[in-house]
Amino acid sequence: VFSESVQVEKGDTEYEIQKLKSSLDEENRRKVQLDSDIYSLEAKLSEMEFSNSKSSKELDFLREENHKLHLEKQNLLLEMRSLQSEIELTAMEAQDLKSMAQVDRRITLDSRFHNLEKELEELKRLSQEKDEEIEQLQTRLQTVAIKREQRENHLRRSIVVIDPDTGKEMTPEEAHRFGLIEWSLYVKLKSQECDWEEITMKGPSGESSVILDRKSGRKFSIEDALKRGRLTMSQYQSYLNKEMSIQELAILVSGQK
């Protein structure tokens, strides 16, 4: 009976030991879990501390920026007040300048008007002087024209040929007709009486060549002279070939030969 009792106690002790081991293992697992939880909490705590530190720095930075912005705002307000004062001062100066400009402009306009009146009077005086000069020139031109006409008339009247036998005065045409002067001398004398020029005139039938006496204004048609036989085509061709002078051609065309 005693032996069985001992065995029972021994079995209980082993059970208790086993139970204690199990409890110890459980405690070890819990310890490991707690260590893991503690590590995790410490990590979170470190992260929170870092985050708090970062937030604190950001907060300090924001506070500093806010302070700077506040100072900048104050400076801007001061600048705005200064600019407003300058604007008001400039507006006052502009108003003063405008008033002065109106006065100066009135004075300038009066002076300019006075100068323009003087210039106008001077221009009128110059215009009157020019008109007088033009009248004098016209008078002189008329006088010259009259003198020229008188001179030309005098020259035409003074060209005469005297017959050595009878002493009779003859025109160059008469002297040539009676054989007192040769053809070349006759042409020379006629050139002194007339100033010949060949011109081209336009008419209903087209253009035609005309011999003009610039002294008398008389015109003689070359085509008409050819038709009437006063001028031959060979003579006209000689003139075109510069073998005959315009004075000779004019005498033939005008019928003075």
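This briefing covers a three-stranded sheet, the helix packed on it, a loop residue and an aromatic pair. The model is a predicted one. In its open sheet the strands follow the order β3-β4-β5 with antiparallel pairing, and helix α6 packs on that sheet. Elsewhere, K242 combines a positive phi with a side chain other than that of glycine, while a search of the whole structure for aromatic pairs finds 1.

**The sheet and its edges**

- Strands of a sheet pair through backbone hydrogen bonds, and they may do so in a parallel or an antiparallel manner.
- Here the 3 strands are paired in the antiparallel way and form an open sheet; β3 (196-203) and β5 (219-221) each have a single partner strand and stand at the edges, so one side of each lacks a neighbour in the sheet.
- From one strand to the next, the twist averages 35°.

**Strand pairing and hairpins**

- Between β3 and β4 there are 8 bridges, and the two strands are joined by a hairpin through 2 residues; E197 has L212 in β4 as its bridge partner.
- Strand β4 (residues 206-213) is joined to β5 by 3 bridges, again in antiparallel fashion, with F220 of β5 as the bridge partner of I211 and K219 of β5 as that of L212.
- L212 therefore has a bridge partner on either strand, being paired with E197 and with K219, where pairing of two strands requires at least two bridges between them.
- The hairpin of β4 and β5 has 5 residues between the strands, and within this hairpin G217 takes a positive phi near 85°.

**Helix α6 and the loop before it**

- Helix α6 (residues 246-254) touches β3, β4 and β5 as it packs on the sheet, and its direction makes about 55° with that of β3.
- K242 is found in the loop between α5 (233-240) and α6, where it is exposed, with a relative accessible area of 76%.
- Most residues other than glycine have a negative phi; K242, although not a glycine, has a positive phi of about 65°.

**The aromatic pair in helix α5**

- A pair of aromatic rings is described by the distance of the centres together with the angle of the planes.
- For Y236 and Y239 the ring centres are 6.3 Å apart and the planes stand at 20°, so the pair is stacked.
- Y236 and Y239 are 3 residues apart in helix α5, which means that about one helical turn separates them, and both are buried.

Conventions:
Residues numbered from 1 in each chain as written. Predicted model: local features only at pLDDT ≥ 70, side-chain atom pairs only at ≥ 80, totals over all residues. Heavy atoms only, no water. Helix = DSSP H or I, 4+ residues; strand = E, 2+ residues; numbered from the N terminus. Axes fitted to C-alpha atoms, helices over the stretch in contact; angles between N-to-C directions. Contact = heavy atoms within 4.5 Å. Buried < 20%, exposed > 50% of the residue type's maximum accessible area, 1.4 Å probe, protein only. Phe/Tyr/Trp six-rings, centres within 6.5 Å; stacked < 30°, edge-to-face > 60°.
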